[in-house]
Amino acid sequence: MLDATSSYKPRIDAPPVDDRTGHRTVPQTPLRSATRYGTRPTMKDVAARAGVGLKTVSRVVNGEPGVTPETERRVQEAIDALGFRRNDSARVLRKGRTASIGLVLEDLADPFYGPLSRSVEEVARAHGALLINGSSAEDPEREQELVLALCARRVDGLVVIPAGDDHRYLEPELKAGVATVFVDRPAGHIDADVVLSDNFGGARDGVAHLIAHGHRRIGFIGDMPRIHTAAERLRGYRAAMEDAGIPVAGSWMSLGVTDPERVRRAAEEMLTGPDPVTAIFAGNNRVTVTVIRVLAEQARRVALVGFDDIELADLLQPGVTVVAQDASDIGRTAADRLFRQLDGTLVTPERIELPTRLITRGSGEIPPAD
């Protein structure tokens, strides 16, 4: 027991506890002298440590001749000891370029954008450029904020999957020479390159496939109607039904947000009642996943074709028939056009529609139950 005369003193090196989180903060023994964060060693620091002039350091850093092996060794040792890195941004700015491009996506978590983003990055890397990306979360204001923030950081070009339908805010940047390509959806109220899939033709082919397998009551569940891809896919659905002489009931179509609750409700309503659908065309990959779950709970077999491929679609029973886009090709085509703009070989904006392909796996070939 301790009393007032005890010689006990609290340990001053005991790890403090954060009262808010309960996390312990354990102090680390420094392995080197303290470094102030946000400061980086400069060529001047390297020169001082190596005992040489700035011009000598510059020659070593840039691989220029005129430095003896012994001096080069001392400079390199100083570089390694200090952790010096060449300031490439200053070098490229002198050339009028930042060697960086921006990519604004709808949703970084969407599987469609993974291969698209990777292709853009590969093309950028081949041109010695860095890719900076961000997500608009399908919010037009957030899209504009991101785009203008990237422009403020002087990116050389932009690849944009637009959330909004008015891009006149970009006109000053385009006039200033910022190369821009829109992807998946066209720009609104400005002339700009756009690379997208044949959404209309792909949807028409997918619905025609269901009709060819005997279906007449076909439901369509899509994204919000203001989105270009959703509107085009709905148009393709209507065209296929009209080509086959099939009148479309209003209850067979549902557009809105693609959260699982809304899609589930739409699918269940189409599958019940006096005149239920025998097949569903899902307007995108997120809709398809929810519809698969709903159909798994149904006593009768219902055909399904989805726009966009989904992971493990071929392993389900039955496999999921889809209208597939080549996201990698879309990203690569867009990035190629962007760098052709930067090289001065493209002047007139163009609209490029890439073909889709129907992949049959079983779900779209189920015949009507009645």
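**Exercise 1. A network of charges**

Find the network of salt bridges that links E106, D110, E138, D184, R185, D223 and R286 in this predicted model, and work out what the pair R286 and D223 joins.

*Solution.* Let's start with the pair itself: R286 forms a salt bridge with D223, and their closest N and O atoms are 3.9 Å apart. That falls inside the cut-off, since a salt bridge needs the nitrogen within 4 Å of the carboxyl oxygen. Next, place the two residues. R286 belongs to helix α11 (residues 285–296), while D223 sits in the loop between β6 and α9 (228–243), so the pair ties together parts 63 residues apart in sequence. Now check accessibility: R286 is partly exposed at 26%, whereas D223 is buried at 9%. Both residues also belong to the network named in the task.

**Exercise 2. One helix or distant parts?**

Compare the salt bridge of R73 and E70 with that of D275 and R217, asking where each partner lies.

*Solution.* A friendly reminder before we begin: side chains of opposite charge can pair when their charged atoms come close.

Step one is the R73 and E70 pair, whose side chains meet at 2.3 Å, N to O. Helix α3 (residues 69–82) holds both R73 and E70, three residues apart, or about one turn of the helix. R73 is partly exposed, with 38% relative accessibility, and E70 is partly exposed too, at 41%.

Step two is the salt bridge between D275 and R217, at 3.2 Å, N to O. This pair links distant parts of the chain, 58 residues apart: D275 is in the loop between α10 (260–271) and β8 (279–282), and R217 is in the loop between α8 (199–212) and β6 (218–222). D275 is partly exposed at 42%. R217, at 19%, is buried, because buried means under 20% relative accessible area.

To put these pairs in context, the count for the model comes to 19 salt bridges.

**Exercise 3. Two helices crossing**

Describe how α10 and α11 cross, and which residues meet there.

*Solution.* First, take the geometry: the axes of α10 and α11 come within 9 Å and cross at roughly 50 degrees. The two helices are therefore oblique to each other. For handedness, α10 passes α11 in a right-handed crossing.

Then list the contacts. From α10 come P260, V263, R264, A267, E268 and L271, and they meet V287, T290, V291, R293, V294 and L295 of α11. Sorting the residues of this contact by type gives eight nonpolar, one polar and three charged.

How values were computed
Residues numbered from 1 in each chain as written. Predicted model: local features only at pLDDT ≥ 70, side-chain atom pairs only at ≥ 80, totals over all residues. Heavy atoms only, no water. Helix = DSSP H or I, 4+ residues; strand = E, 2+ residues; numbered from the N terminus. Buried < 20%, exposed > 50% of the residue type's maximum accessible area, 1.4 Å probe, protein only. Axes fitted to C-alpha atoms, helices over the stretch in contact; angles between N-to-C directions. Parallel < 35°, antiparallel > 145°, perpendicular 65-115°, else oblique. Left-handed = near helix turned anticlockwise from the far one by under 90°. Contact = heavy atoms within 4.5 Å. Nonpolar A, V, L, I, M, F, W, Y, C, P; charged D, E, K, R; others polar.
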